[in-house]
Amino acid sequence: MRTFISLVKILLNMNFSISALRYKFKTGQKGKWETVAVFISIAVIVLFMMPFYILFSLGLFIAARQLNQPEIVLALVYIAGQIIVLFFGVIMTMSSFFFSNDIRNLIPLPLTPAQVIGAKFVVLMVNEYLLLVPILLPPFIIYGIGMKCGVLYWFKALILILLSPAVPLMIDSLIIILLMRFVNLRKSKDLMAVIGGLFGIFLSVGINIFIQTYMQNFKPQEFFPEFLAGSGSIVDMIASRFPPGIWAVYALSRTGLEGLGYLGLYILLSLALLYLFLALANKVFYKSVLAGQETARKGQRAKNDVAIKEKSKVSSPVMAIYMKEWKILLRTPVYVLNGLVGAFLGPIILVLMMFTKEGMGELVILAQNPRNAMYFSLAGLGLMLFTSGMNVVASTAISREGSTFWISKVIPQKPEVQVKGKLLHGLSISALSILLVAVIFPLIFKIDLIRIIAVTAISYTSSVTLISLGLIIDILMPKLEWSNPQEAMKQNTNGVLGMLASMVFMGLIALLTVLLVVLKAAEWILYLALFVFSLVLAVISVKVLYKTAAKQYQSIEA
C-alpha cells in the first residue's frame with residue numbers, strides 16, 4: 001500500500017507540475033506568473049458562471065418541490081455528470097493508459113500492473129473532480145438546506161461526490177483495456193481514439209439539440225396535470241436506463257436504513273467494478289501496452305525505409321517546419337480532437353444550434369431584407385473571428401513539442417524561420433474553419449457573394465493577428481513538462497490565455513464597427529476600414545512575434 005500511495009503522489013505531482021511550480025516560485029522564475037494567470041482565469045470563469053448555475057439549480061429545486069419530488073434536482077445533476085464522464089472519459093483513459101510517456105518508465109519498475117493502472121486511475125479521478133465537484137456541489141447544498149436534512153445526509157453526499165466519477169471511468173477503462181488486448185486495433189489506435197472522441201462530441205451535441213427541440217414543443221400546462229393524474233415518479237423516468245444513478249439519488253433522498261441500503265448498494269457496485277478492473281489489468285494491461293509498442297517499432301522501421309527513399313527530396317525550411325507541425329498534430333488523437341476537429345465542428349455545431357432556436361424563419365426573412373444585409377454579413381464576420389479565435393493550436397505550438405524542444409534549439413534554423421512555419425500551420429487550420437463558415441452562413445441567410453468575400457478577407461487578415469498572439473503567449477510561457485499529450489493542450493493555460501487575447505482583439509473590431517455604424521459610414525468604407533485595421537495589426541503582431549522568438553527561443557528550457 002505504501003508503494004501504491006507513493007506512486008499516486010508521484011503521478012499527481014507530474015500531472016499538476018507541483019514540484020516544478022514550487023521551484024519556480026522559490027527561485028523567482030518568470031514561469032510563476034503562469035500559475036497566477038491560471039488561478040485568475042479560473043476565478044473569472046467560476047465567478048461569472050456559478051451564480052447563473054446556482055440560480056438554475058435553485059429554480060429547479062423549487063419547481064420539483066412543488067411537484068412533491070424535490071429529488072429531481074439530485075437525479076438530473078448526478079446522472080448528467082456521470083454521462084459526461086462516461087462519454088468524454090474514453091479519450092482520457094486511452095491517453096493516460098496507452099499514450100502517456102511515463103508508461104515506458106513504469107513498466108520496468110517492481111510494480112504490479114494493478115498498482116500502475118490503479119495509480120493512473122486515481123489521477124483520472126482527481127481530474128474529473130475538477131469538473132464534477134462544481135456541478136454537483138450547488139444542487140446538493142440547495143437540496144440539503146431546502147429539505148432541512150440532518151448530518152447523515154451530508155455524510156452520504158460527501159461519499160457520493162467522491163464516488164461520482166468512479167463507475168463511468170471504470171466502465172471506460174474496462175472497455176479500452178479489452179479492446180486494446182483482444183481486438184486488432186494496435187495499428188489503428190489513433191484512429192479509434194479520434195472516432196471515440198467524435199462519437200462523444202456528436203452525442204453531446206445531439207442531446208443538446210434534442211433537449212432544445214423538445215423544450216420548444218413542451219407545454220407545462222398540459223404535461224404536469226397529465227403526469228399528476230397518473231402514477232409514477234419523474235426520478236424513476238430519468239434513471240430507469242441507468243440503475244446506479246437511481247441508487248445514488250435514493251441514497252440521498254431516502255432516510256434511515258433505506259437510504260443507507262441504497263448507499264451500500266452503490267458502494268458494492270463500485271467495489272465490484274474496481275475488483276474486475278484491477279484483476280483484468282493484472283492479466284492483460286502490460287501485454288496490451290507492450291504489444292502496441294512492438295507494433296509501433298515495426299511501423300517505425302517501415303517509416304525509416306520510406307524516409308531513406310525520400311531522403312533526396314528537399315523543401316524549404318519554413319515548409320519543413322510546417323509539415324512537421326502537421327505530423328505532430330495528426331499523430332496524436334488528443335491534438336486532433338482539440339485542434340483540427342474543433343475547427344471543423346465549431347461552425348457546424350453553432351449552425352445546428354441556430355436551427356433549433358425558435359424564430360429561425362423570421363431571421364432568414366430579415367436577412368433577405370436589403371437594409372439588414374450588412375448587419376447579417378457582420379454577424380458572419382463575428383462568427384468567423386470566433387471560430388478562428390477559439391483555435392488553440394497556435395497557443396500550444398511550443399508546448400506540444402515537450403521534452404523534444406531542444407531539437408528546435410539546435411537545428412540550424414533561426415527562431416524566426418521556425419515560428420513562421422508554426423504561424424502558417426495555425427493559419428491553415430483557421431483558414432479551414434473560416435472557409436466553412438463562409439460556405440454555410442450564406443446558404444442559410446442568403447448573403448450575397450460580394451459581402452461574403454469582404455468579410456472573409458477581413459477574417460483571414462485578422463486570423464494572422466490571432467495566431468500570432470497565441471504563438472507569442474506560448475513562446476513566453478511554454479508548458480514543456482508533461483507526461484501525457486493531453487496536458488500539453490487540454491491542461492495548458494496558454495490555450496485559455498490565447499482565447500482571452502482573441503476576445504480582446506474581437507472587442508476592438510466590434511468597437512470600431514459600432515463606431516463606423518454610428519457615424520453612418522458607407523458600407524464599403526466600413527469593410528475597407530476593418531480590413532486596413534486588421535492588416536495593420538497583423539503586420540505589427542507578426543513583427544512582435546519574430547522579435548519575441550529571436551529573444552526567447554534560446555532561453556526556453558525543455
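**Salt bridges, cores and a surface patch**

Modeller: E401 counts as buried (under 20% relative accessible area; exposed is over 50%, partly exposed in between, with a 1.4 Å probe and protein chains only) at 6% relative accessibility. The model is predicted, so local features need pLDDT of at least 70 and side-chain atom pairs pLDDT 80 or more, whereas totals for chains, interfaces and linings use all residues. Residues are numbered from 1 along each chain as its sequence is written, and side-chain values use heavy atoms, without hydrogens or water.

Colleague: How many residues apart in sequence are the parts that E401 and K324 tie together?

Modeller: The two side chains, E401 and K324, meet in a salt bridge (Lys or Arg side-chain nitrogen within 4 Å of an Asp or Glu carboxyl oxygen) at 3.7 Å, N to O. E401 lies in the loop between α17 (373-389) and α18 (405-410), and K324 in helix α14 (residues 317-330; helices are DSSP runs of H or I, at least four residues, numbered from the N terminus), so the separation of the tied parts is 77 residues.

Colleague: Which residues are joined into one network by salt bridges that share partners?

Modeller: R400 also forms a salt bridge, with E325, at a closest N to O distance of 3.4 Å. R400 is buried at 4%, and E325 is buried at 1%. Shared partners join into one network K324, E325, R400, E401 and K422.

Colleague: What is the N to O distance between R254 and E258?

Modeller: R254 is partly exposed, with a relative accessible area of 27%, and E258 is partly exposed at 40%. Their side chains meet in a salt bridge, with an N to O distance of 2.6 Å.

Colleague: With which residues is F140 in contact, leaving aside neighbours within four places in sequence?

Modeller: F140 is one of the residues that touch the most other members of the largest nonpolar core (buried Ala, Val, Leu, Ile, Met, Phe, Trp, Tyr and Cys joined through side-chain atoms within 4.5 Å), which has 60 residues. Contact means heavy atoms within 4.5 Å. On that basis, the partners of F140 are L74, V77, Y78, Y153, W154, A157, I161 and L252.

Colleague: What is the area of the nonpolar surface patch that includes V532?

Modeller: V532 lies in helix α23 (residues 523-552) and is partly exposed at 41% relative accessibility. A patch takes residues with over 30% relative accessible area and no salt bridge, joining nonpolar side chains (Val, Leu, Ile, Met, Phe, Trp, Tyr) within 5 Å and like charges within 9 Å; areas come from the Shrake-Rupley method with a 1.4 Å probe, and for residues only the protein chains shown count as cover. With W524, I525, L528, V536, I540 and V544, V532 makes a nonpolar patch of about 640 Å².

Definitions and conventions. Helices (H or I, at least four residues) and strands (E, at least two) are DSSP runs, numbered from the N terminus.
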